[in-house]
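Reader: I am new to this structure and would like a close look at one part of it, namely the salt bridges and the surroundings in which they sit. Please set the terms out as you go.

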Amino acid sequence: MSEFIEEFSKIPGINVDSALQLCGGEENLIDIAATFAETGDKRLEELSEALSDSDLKRITIISHALKSAAALLGADELSTQAKTIEVIARAENLVMIRDKVPAFLDEYEAYVYAVMDVVARCSNIDPEALKAKQDAVIAMNSLEKGAEKNTVLIGHGQSFLISALEHELLAQDLSVKLIDPERDSIKKYDNNTGVFILYLGEYQYRDTEILKKLAEICEGKKRLLFLVGTKAEIQTILSYVALSSISGIFLKPLETKSFVKKVITGIETFSRKRIFVVDDDETYLTGLSDWLGRKYRVETLSSGAAALEAIQESRPDLIMLDYEMPGLSGPEVMRVLKDDETTKDIPIIFLSGMDDKESIVKVMSYHPADYLLKTKGAADILRAVDAFFEGAENEKIAEEEEMPELSFDGHEDLMPGMPSLTPPGGQDDDDFVLPPFFGGFIKDGFDFFEKEGNKK
């Protein structure tokens with residue numbers, strides 16, 4: 001047990017196991033605890049002012065946010081108290097609010113300073129370091145603006161085939177950089193490159209660190225990585241590069257126009273998805289940024305108005321929207337977006353602590369993509385977002401499969417479209433396994449292998 005977990009578990013009323021599960025591990029828990037401590041005084045002041053002003057709507061919103069933040073930290077009793085305050089405020093019972101909130105403020109303050117003390121003593125981070133870390137996580141996994149079409153073609157020497165491929169990529173308005181397979185040169189194209197094409201030749205990569213670096217950059221399809229080579233060449237590469245890093249495999253000889261068309265499809269399909277997360281609770285925003293930022297391009301926004309402004313500048317692939325927020329509520333933001341022709345098709349997932357039937361029914365007429373409760377942990381939320389994008393991709397694939405089937409007529413470029421393209425009767429002689437790929441256009445993959453076998 002780490003020092004942080006040991007000390008954190010000593011705070012009265014903290015359920016460490018619950019906190020670790022909801023936050024997705026100790027590292028995320030530390031980040032969320034640090035944000036909770038950093039913003040605690042501000043929240044206490046806001047709730048005190050709302051009580052003085054008898055502002056029941058504001059008390060509802062703040063207690064709603066505190067309920068979720070406390071649950072993330074495993075402070076189950078505090079979360080329950082916050083929910084009680086929220087229910088009373090929503091019922092507009094000002095007498096009970098004046099009776100209950102002062103005691104709740106004292107309890108909440110005790111948690112804030114207890115968490116603040118543990119973070120200061122055991123986590124070795126400060127608010128500025130936390131912000132820098134969050135920014136670094138997002139930057140590490142995000143492409144620079146406009147970099148989706150930046151393509152690095154990695155090949156050995158200036159052969160005619162590589163030059164022809166480069167010319168075809170340039171003709172499709174892609175920015176292409178042709179480099180030799182050197183580790184240091186590949187490192188230069190991390191955050192400013194969306195596509196890597198590894199064109200294999202009659203040689204071996206002696207420096208396996210090059211391949212490991214490529215796998216690291218492209219792991220989980222964060223970037224597109226295409227392999228072009230013979231079966232033997234690709235088998236060698238698969239010893240060092242996991243299938244989860246590879247977006248497509250193409251066998252020589254390569255039909256360049258067909259290949260580039262599929263690269264364009266890949267860019268459109270697998271450019272890193274961009275998510276706007278809208279929530280007025282900074283503690284919860286920290287958690288979502290940690291959970292989603294390692295796989296998606298995440299922008300956090302603390303109000304509905306800020307979200308509407310950001311959407312006018314750039315369109316996200318998904319909006320994750322809190323229900324209760326000051327100013328514009330989640331349902332109000334959704335109504336504005338759905339009533340506008342230019343934004344009505346942006347998918348929205350509600351991520352809320354509102355679990356009553358009335359609140360859920362209120363937003364269903366606008367057909368959100370999903371409605372998730374904040375009581376779900378990091379793994380469940382990430383799984384739901386993955387499932388959403390996978391479902392959207394499957395719909396796109398279904399539409400594409402209704403188009404006339406492509407004819408390969410001996411073209412040896414390959415675009416796997418099924419979980420497995422194992423020939424009938426089992427593996428082929430080379431025990432060759434292909435990764436899944438976007439779009440799945442091939443219907444005659446087995447015929448292709450049979451043709452290859454007949455050539456031997």
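Author: A residue is called buried when its relative accessible area is under 20%, exposed when it is over 50%, and partly exposed in between, using a 1.4 Å probe and protein chains only. This is a predicted model, in which local features need pLDDT of at least 70 and side-chain atom pairs count only at pLDDT 80 or more, while totals for chains, interfaces and linings use all residues. Residues are numbered from 1 along each chain as its sequence is written, and side-chain values use heavy atoms, with hydrogens and water left out.

As a frame for the close look, the protein has 456 residues, of which 51% are buried, and its chain forms 18 helices and 10 strands (DSSP runs numbered from the N terminus, helices being H or I of at least four residues and strands E of at least two). Among the contacts (heavy atoms within 4.5 Å) in the protein with a separation of 6 or more, 71% are between residues 24 or more positions apart.

Turning to the part you asked about, the whole structure contains 17 salt bridges, each being a side-chain nitrogen of Lys or Arg within 4 Å of a carboxyl oxygen of Asp or Glu. One of them joins K374 to D322, with 3.4 Å between the closest N and O atoms. K374 belongs to the loop between β10 (370-373) and α17 (378-401), and D322 to the loop between β8 (318-321) and α15 (330-338), so this pair ties together parts of the chain that are 52 residues apart in sequence. K374 counts as buried because its relative accessibility is 7%, and D322 is likewise buried, at 1%.

Another of the salt bridges connects the side chains of E233 and K252, at 3.5 Å from N to O. This pair also links distant parts of the chain, since E233 is in helix α11 (residues 231-237) and K252 is in the loop between β5 (248-251) and α12 (256-270), 19 residues apart. E233, with a relative accessible area of 10%, is buried, whereas K252, with 23%, is partly exposed.

A further salt bridge stays within a single helix. D380 and R383 lie in helix α17, 3 residues apart, which is about one turn of the helix, and their closest N and O atoms are 2.5 Å apart. D380 is partly exposed at 34% relative accessibility, and R383, with a relative accessible area of 49%, is also partly exposed. Beyond such pairs, E7, K10, D117 and R121 are joined in a network of salt bridges.

Around these charged groups it helps to see how nonpolar residues are arranged. The largest nonpolar core (a set of buried Ala, Val, Leu, Ile, Met, Phe, Trp, Tyr and Cys residues joined through side-chain atoms within 4.5 Å) has 65 residues, and F4, F8, I97, V115, I275 and M320 touch the most other members. Apart from neighbours within four places in sequence, I275 contacts L292, Y296, R297, V298, E299, L318, M320, V385 and F389. A second core, separate from this one, is made of 22 residues and includes V152, L200, I210 and L214.

I97 also appears among the contacts of L51, which, leaving out neighbours within four places in sequence, are I59, I97, R98, V101 and P102. L51 sits in helix α3 (residues 26-52) and is buried, its relative accessible area being 16%. L51 and P102 are 51 residues apart along the chain, and their C-alpha atoms are separated by 8.7 Å.

Helix α5 (residues 76-90) rounds off the view. Its 15 residues reach 21 Å from the first C-alpha to the last, close to the 21 Å expected at 1.5 Å a residue (the expected span being 1.5 Å times one less than the number of residues). L78, S79, A82, I85, E86, I88 and A89 are buried in α5, and the buried residues of this helix pack against α4 (56-72) and α6 (94-122). Just after α5, E92 adopts a positive phi of about 60°.
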